[in-house]
Structures are given as C-alpha cells and as structure tokens.
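Subject: Handover of a structure and the findings on it

Dear colleague,

Please find below the structure that I am handing over to you. My notes on what was found in it follow directly after.

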Amino acid sequence: MTAVTAETGTNKHGSPAADDKDASAHAAAFDAAVAADERIEPRDWMPEAYRASLVRQIAQHAHSEIIGMQPESNWITRAPSLRRKAILMAKVQDEAGHGLYLYSAAETLGVSRDELLDKLHSGRQKYSSIFNYPTLTWADVGAIGWLVDGAAITNQVPLCRCSYGPYARAMVRVCKEESFHQRQGYELLLALSQGTPEQHAMAQDAVDRWWWPSLMMFGPPDDESSHSAQSMAWKIKRHSNDELRQRFVDICVPQAEALGLTLPDPDLRWNEERGHHDFGAIDWTEFWDVLKGNGPCNEQRLTQRRRAHEEGAWVRDAAAAYAAKQHTNGEATA
Ligand SMILES: [Fe+2]
Ligand SMILES: [Fe+2]
C-alpha cells in the first residue's frame with residue numbers, strides 16, 4: 001500500500017473540517033488496501049488500534065521465540081550424540097534469530113526493542129504459555145519439535161499473508177526454518193519409538209505430556225477469543241483459533257500412527273460427516289492458570305531471561321560504543 005503515507009497525511013490547512021476529511025480519506029485508503037489484499041507498510045497510515053494490535057501480537061511472538069530457547073537448551077549438554085547436539089544447537093540458535101526478525105518487525109511500528117524487553121521482564125507482555133512446561137527427558141526435545149514447532153507452523157503459515165508487510169515477510173523465513181524444526185523432532189521421536197521398550201516408553205510419555213498444551217497453543221475457543229474477530233477483519237489473522245486447531249489435529253493423527261505412538265485422547269476419532277477428527281475437551285482452566293503465571297516453570301523462565309539480559313549488558317554497551325566510534329570515524333573522513 002502506498003496511496004496515503006503518514007507524511008502526506010499531515011493536515012496543511014489546520015481546520016477541524018480538513019482534519020476530519022483527511023482522517024476519513026486515510027481510513028478509506030487503508031480499508032481499500034486491506035480489502036484488495038495489498039500490504040500495509042511501515043510508512044503507510046494505519047488505524048492506531050491496528051498498530052497497537054500488531055505490536056501486541058508481534059512482541060508476544062518475539063518473546064515466545066526467545067523464551068522458547070530455554071526448555072530446549074536445557075538438553076544441549078546432555079544430547080545423546082554429537083549429531084543430536086549439533087542439530088539441537090542449530091535449532092536453538094534459529095529461535096534466537098526468529099526473535100531478532102520479529103523484534104525488528106515490531107520496531108517498524110514505532111516501538112523500541114528495549115521497551116518490549118522491559119515489558120516482557122516486568123510481566124506486562126506475555127509469551128506463549130507452552131514454554132512454561134518443563135522438559136523432563138530427552139524425548140521432550142522430540143515432542144517439542146514435532147508438536148510445538150508443528151503447531152507454530154500451522155499458526156504461522158497463514159501469517160505469511162498477513163496484511164502488515166514486515167511481519168508477513170519475517171514469517172516466510174521463519175516458517176522455512178520451523179519446518180526443519182518439526183522434522184528433527186519427528187525424526188528424533190521415530191528413532192526413540194523404534195528403539196528399546198524403555199526408549200519407546202519415554203517417547204510416549206513425552207507425547208502424553210505435550211499433546212494437550214500444544215492444542216492450547218492455538219488460543220482460546222473462537223467464542224471466547226477477544227482479539228480474533230478484529231484481527232481477521234484486518235487480515236492479520238486469516239483463520240480462527242478453532243479452524244487452525246482442527247487442521248493441526250488432522251495433520252497429527254496420521255503422523256502419530258506412523259510414529260507408532262498414541263495421542264492421549266480417548267475421544268479422538270475420524271468423523272466421516274465433518275471430514276475431520278473429533279477430539280476431546282481441552283482443559284481451559286489449566287490454560288488460564290498457566291497464562292496467569294501459575295505454570296510449572298513461569299517463574300524460572302522469567303528469572304533466567306532477566307539474568308541473561310543483565311549478563312548481556314556489556315555486549316550491548318560494546319556494540320553501542322563500536323557503532324558510535326564508526327559514526328565518528330565516518331564523520332571525520334567525510
Ligand atoms: Fe521459531
Ligand atoms: Fe522452531
């Protein structure tokens with residue numbers, strides 16, 4: 001979208017009537033761009049609520065990427081082989097990269113990374129609740145890759161068509177990397193499932209613990225989701241929480257069969273009429289409880305994040321000093 005920019009939008013006449021006229025012209029241009037599936041770019045005029053909604057969503061997404069490094073990095077030193085260790089290190093590093101793309105995308109909306117991190121550290125912005133569960137065994141690394149990264153892909157592929165350009169473009173690369181994450185998890189679980197009876201049991205136990213929290217990753221049911229309808233009207237979201245959750249269940253059932261593992265839901269069965277799998281009721285009390293901060297690892301994740309931020313202060317200082325020096329040198333030689 002390039003029709004009306006923030007700059008050309010300033011009212012040169014100064015009269016309230018001209019203000020109103022400008023505002024409605026901007027709103028009309030914005031609505032038309034969204035309706036025509038055009039991208040909204042950082043310098044385009046956008047409703048304040050659209051900007052705020054994107055900041056909230058992109059920040060929460062960025063926070064999830066960097067907090068998500070913790071449960072898995074917990075296993076880097078104990079990976080069972082050099083190959084597994086190399087794969088896991090690469091995956092955790094990818095997640096740091098995803099955080100960086102997303103903080104950069106959020107910055108195009110006029111917020112600073114410091115401000116967002118501050119909100120994360122003080123609990124004023126959330127990250128995905130899934131990362132408040134512990135990784136108890138090596139098989140959890142597989143279950144996270146298969147189910148958590150799998151759910152993330154299901155959520156994020158439609159975001160590649162999100163109406164906000166920088167977010168949509170960041171998602172293209174993120175999704176390519178996530179699909180490798182999903183495969184490494186699947187392959188890890190397959191190796192365990194086909195291993196000794198103890199290894200098979202460990203894989204099954206991990207799937208039993210991660211299945212339901214993965215379904216919660218799609219957010220509350222459509223009729224209870226406060227942001228959904230507006231996000232869909234703005235084409236930030238393309239599908240509802242329940243649609244995406246159903247899609248994920250349908251994808252996972254045959255994959256679980258191929259893995260030789262069972263999904264822990266006695267009500268899970270194919271519904272011929274709907275052309276989808278029916279599944280059991282989700283325990284939303286657990287979801288809201290973990291979201292409120294009462295999950296098994298909420299405290300630990302935030303404490304670790306704050307510590308990592310403090311310990312990284314010298315790196316930020318050094319980078320800023322270096323950039324300032326380059327700037328001065330540049331001016332001296334100009
Ligand atoms: Fe990621
Ligand atoms: Fe990932």
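Glu177 is found in helix 7. With a relative accessible area of 17%, Glu177 counts as buried, because that value falls under the 20% limit. Apart from neighbours within four places in sequence, Glu177 is in contact with Asp94, His98 and Tyr101. Please bear in mind throughout that this is a predicted model.

The first iron ion

One of the residues that Glu177 touches, His98, is also a donor to a metal. The iron ion (ligand 1) has as its protein donors Glu65 (OE), Glu95 (OE), His98 (ND1) and Glu178 (OE), which lie 2.0 to 2.2 Å from the ion. Along the sequence, these donor residues follow the spacing E-x29-E-x2-H-x79-E. How are the four donor atoms arranged around the iron ion (ligand 1)? The arrangement is irregular, because the angles that the donor atoms subtend run from 86 to 142 degrees. A tetrahedral site would need all angles to lie between 85 and 135 degrees. For reference, the ideal angle for four tetrahedral donors is 109.5 degrees.

Glu95 forms a bridge between the iron ion (ligand 1) and the iron ion (ligand 2), and the two ions lie 3.4 Å apart. Glu65 belongs to helix 2 and Glu95 to helix 4 (residues 82–107), so this pair ties together parts that are 30 residues apart in sequence. Are these two donors buried or exposed? Glu65 is buried, with a relative accessible area of 6%, and Glu95 is buried as well, with a value of 5%.

The second iron ion

The protein donors of the iron ion (ligand 2) are Glu95 (OE), Asp149 (OD), Glu178 (OE) and His181 (ND1), at 1.9 to 2.2 Å from the ion. Glu178 thus appears in the donor list of the iron ion (ligand 2) and in that of the iron ion (ligand 1). The four donor atoms around the iron ion (ligand 2) subtend angles of 85 to 159 degrees, and the arrangement is therefore irregular. In sequence, the donor residues of this ion are spaced E-x53-D-x28-E-x2-H. Asp149 in helix 6 (residues 139–156) and His181 in helix 7 (residues 165–193) are 32 residues apart, and the pair links distant parts of the chain. Both Asp149 and His181 are buried.

A contact between two helices

Two packed helices are described by the angle between their axes and the distance between the axes. The axes of helix 5 (residues 113–121) and helix 12 (residues 298–311) come within 10 Å and cross at roughly 145 degrees. The crossing of helix 5 past helix 12 is left-handed. Which residues meet there? Leu117, Leu120 and His121 of helix 5 meet Leu302, Arg305, Arg306 and His309 of helix 12. By type, the residues of this contact divide into three nonpolar, two polar and two charged.

Two residues with a positive phi

Most residues other than glycine have a negative phi. Asp37 is not a glycine, yet its phi is positive, at about 60 degrees. Asp37 is placed in the loop between helix 1 (16–35) and helix 2 (48–67), and is partly exposed, with a relative accessible area of 47%. Lys235 likewise has a positive phi of about 60 degrees without being a glycine. Lys235 lies in the loop between helix 9 (228–233) and helix 10 (241–259).

Two further residues

Leu259 lies in helix 10 and is buried, with a relative accessible area of 2%. Not counting residues up to four places away in sequence, Leu259 touches Trp146, Tyr186, Leu189, Leu190 and Ser193. Leu259 and Glu115 are 144 residues apart along the chain, and their C-alpha atoms are separated by 44 Å.

Glu224 is found in the loop between helix 8 (197–216) and helix 9. With a relative accessible area of 45%, Glu224 is partly exposed. From C-alpha to C-alpha, Glu224 and Trp270 are 26 Å apart in space, and they are 46 residues apart in sequence.

Yours sincerely

How values were computed:
Residues are numbered from 1 along each chain as its sequence is written. Chains are lettered from A and ligands numbered from 1 in the order in which they are written. This is a predicted model: local features need pLDDT of at least 70, side-chain atom pairs count only at pLDDT 80 or more; totals for chains, interfaces and linings use all residues. Side-chain values use heavy atoms; hydrogens and water are left out. Donors are N, O and S atoms within 2.8 Å of the metal (3.2 Å for Na, K and Ca); water is not among the atoms, so sites may look incomplete. Four donors count as tetrahedral if all angles lie between 85 and 135 degrees; four count as square planar and six as octahedral if opposite donors are over 155 degrees apart and all others between 65 and 115; anything else is irregular. Helices (H or I, at least four residues) and strands (E, at least two) are DSSP runs, numbered from the N terminus. Buried means under 20% relative accessible area, exposed over 50%, partly exposed in between (1.4 Å probe, protein chains only). Axes are lines fitted to C-alpha atoms, for helices over the stretch in contact, and angles run from 0 to 180 degrees between N-to-C directions. A crossing is left-handed if the near helix is turned anticlockwise from the far one by less than a right angle, and right-handed if clockwise. Contact means heavy atoms within 4.5 Å. Ala, Val, Leu, Ile, Met, Phe, Trp, Tyr, Cys and Pro count as nonpolar, Asp, Glu, Lys and Arg as charged, and the others, Gly among them, as polar.
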